[in-house]
Amino acid sequence: MKRISPHARPLLKLLSGAMLLMPSLAWSLDTKNQDVQAFVNELATTENFDPAYVESVLRESQVQQSIIDAMSRPAEKAKPWHEYRAIFITPERIAAGVEFYGTHREALERICSETGVPPAMILGIIGVESYFGRITGKYRVVDALATLGFAYPPRASFFRSELNQAFLLARDEQLDLLALTGSYAGALGPPQFIPSSYRNFAVDGDGDGRRDLLNNWADIMASVANYFVVHKWQTGQQVSARATLGKDAKDLPLNAGLEPESTVGALSAAGVVFPTELPAAAPAGLWQLQGKNGDEYWVGFQNLYVITRYNHSIMYALAAWELGESVMGEIAQQ
């Protein structure tokens with residue numbers, strides 16, 4: 001057995017001390033915490049859950065620093081448009097969408113015919129959210145929601161509500177809550193529905209009496225379509241258009257929020273040039289995004305706003321729309 005050199009001992013002590021001072025990457029949720037106990041009591045009194053069961057589930061959950069870190073720097077906020085777009089609009093992902101369409105064409109076209117939501121939009125959402133089912137997240141849902149609900153103050157109230165919804169979802173759909181996995185934000189399955197969205201917008205897409213967003217592609221596609229229908233998707237209407245600025249462009253009315261704040265006519269009068277057949281009174285918004293070669297200008301209409309109901313980001317909406325259109329464009333050329 002090798003002896004430790006006397007000269008190395010001070011260094012080892014220093015390293016050992018530093019390791020003790022480093023925060024743990026994961027730790028058990030403290031079920032005696034006042035907020036945790038309040039959550040347990042709420043589920044027991046308002047939803048008739050056995051408090052011992054709720055506490056046993058929470059006792060097994062792990063607060064994870066990686067979840068907090070991921071929530072603190074989402075790609076929609078951390079990356080400029082050209083980098084964000086490059087994540088999703090790739091030949092590989094488009095090819096995966098074409099393959100997916102070929103496999104699920106019959107069910108997809110039936111759902112689109114019934115709902116008025118185009119195939120491109122359903123493909124775009126599933127493609128961006130989970131690479132057509134390839135990437136659905138490996139975090140346990142209870143870990144993600146407990147971490148964000150009790151160790152992430154900026155959005156603790158929202159994620160405690162989603163944890164509440166996760167308990168209800170598991171009971172409604174007869175799911176093993178501790179076995180459910182998803183994203184760092186607790187989103188489930190290929191469509192990445194958070195628990196409240198699963199409960200409110202999931203539908204039975206094949207008539208088998210269940211709403212399975214984890215494995216049943218008919219249910220998944222029908223539920224994405226239903227989400228758009230509920231949020232007032234306008235069948236056959238334009239989503240967005242790339243814009244240029246005319247020589248007389250001035251005082252650009254850039255959109256501050258996600259909902260269109262101007263009209264087609266007002267943007268045109270301001271010198272914004274874009275293709276559309278929508279009437280002058282139709283709602284429209286103008287966004288300035290950071291492209292690879294400088295600023296890009298995009299005009300979005302009501303349907304672009306509908307996409308942002310799925311994820312509150314203009315860049316997300318544009319990427320999902322473009323991916324779906326690219327997949328359908330590739331299919332049209334075959």
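## Exercises on pockets, cores and buried residues

The second largest pocket is lined by Trp-81, His-82, Arg-85, Ala-86, Arg-242, Lys-292, Glu-296, Trp-298 and Glu-322. The model behind all of these exercises is a predicted one.

**Exercise 1.** Determine which elements give two or more residues to the lining of the second largest pocket, and describe that lining by class.

*Solution.* Begin with the elements: α6 and β9, the latter covering 294-300, are those that give two or more residues to the lining. Next, consider the shares, of which the largest, four residues, comes from α6. Then sort the lining by class, which yields three nonpolar, one polar and five charged residues. Finally, attach a size to the pocket, whose volume is about 160 Å³.

**Exercise 2.** Describe the largest pocket by its volume, its lining and the helices that supply that lining.

*Solution.* The volume comes to about 1,300 Å³. The lining comprises 38 residues, and those nearest the centre of the pocket are Glu-76, Glu-129, Tyr-184, Ala-185 and Asn-311. Sorted by class, this lining holds 21 nonpolar, 11 polar and six charged residues. Turning to the elements, at least two lining residues each are supplied by α4 (65-72), α5 (75-78), α6 (81-88), α8 (119-130) and α10 (156-173).

**Exercise 3.** Locate Ser-313, decide whether this residue is buried or exposed, and list what its side chain reaches.

*Solution.* Along the chain, Ser-313 sits in the loop that runs between α14 (302-307) and α15. Its relative accessible area is 7%, and because buried means under 20%, Ser-313 is buried. The side chain of Ser-313 reaches the backbone nitrogen of Tyr-316 at a distance of 3.1 Å. When neighbours within four places in sequence are left aside, the contacts of Ser-313 are Glu-76, Leu-258 and Thr-308; Glu-76 is also one of the residues nearest the centre of the largest pocket.

**Exercise 4.** Carry out the corresponding analysis for Ser-240, giving its element, its burial and its surroundings.

*Solution.* Ser-240 belongs to strand β5, residues 240-245. With a relative accessibility of 4%, Ser-240 counts as buried. Its side chain reaches the backbone oxygen of Val-299 at 2.7 Å. Not counting residues up to four places away in sequence, Ser-240 touches Trp-298, Val-299, Gly-300, Phe-301, Leu-304, Leu-318 and Trp-321. Among these, Trp-298 also appears in the lining of the second largest pocket.

**Exercise 5.** Identify the residues with the most contacts inside the largest nonpolar core, and find which helix gives the most to this core.

*Solution.* The core has 86 residues, and those with the most contacts inside it are Leu-58, Ile-122, Ile-125, Ile-126, Phe-167, Phe-228 and Ile-307. Helix α15, residues 314-332, gives the most to this core, contributing 11 residues. Apart from this core lies another, of 13 residues, including Ala-243, Val-272, Leu-278 and Ala-282. Taking Leu-58 as an example, and again leaving aside neighbours within four places in sequence, its contacts are Leu-29, Thr-31, Val-36, Phe-39, Val-40, Leu-163 and Phe-167.

**Exercise 6.** Explain why helix α9 is described as largely enclosed by the rest of the structure.

*Solution.* Count the buried residues of α9, residues 141-150: 10 of the 10 are buried, so the helix is largely enclosed by the rest of the structure. The buried residues include Asp-143, Thr-147 and Gly-149 as well as Val-141, Leu-145 and Phe-150.

How values were computed:
Residues are numbered from 1 along each chain as its sequence is written. This is a predicted model: local features need pLDDT of at least 70, side-chain atom pairs count only at pLDDT 80 or more; totals for chains, interfaces and linings use all residues. Side-chain values use heavy atoms; hydrogens and water are left out. A nonpolar core is a set of buried Ala, Val, Leu, Ile, Met, Phe, Trp, Tyr and Cys residues joined through side-chain atoms within 4.5 Å. Buried means under 20% relative accessible area, exposed over 50%, partly exposed in between (1.4 Å probe, protein chains only). Contact means heavy atoms within 4.5 Å. A polar contact is a pair of N or O atoms within 3.5 Å; within protein, one must be able to donate a hydrogen and the other to accept it, and residues adjacent in sequence count only if both atoms are side-chain atoms. On a 1 Å grid over the protein atoms alone, a cavity is a set of points where a 1.4 Å probe fits but cannot get out, and a pocket is an open set with protein on both sides within 12 Å along at least five of seven lines; lining residues have an atom within 4 Å of a point. Grid points are joined across faces, edges and corners, and a volume is the space filled by probe spheres set on the points. Ala, Val, Leu, Ile, Met, Phe, Trp, Tyr, Cys and Pro count as nonpolar, Asp, Glu, Lys and Arg as charged, and the others, Gly among them, as polar.
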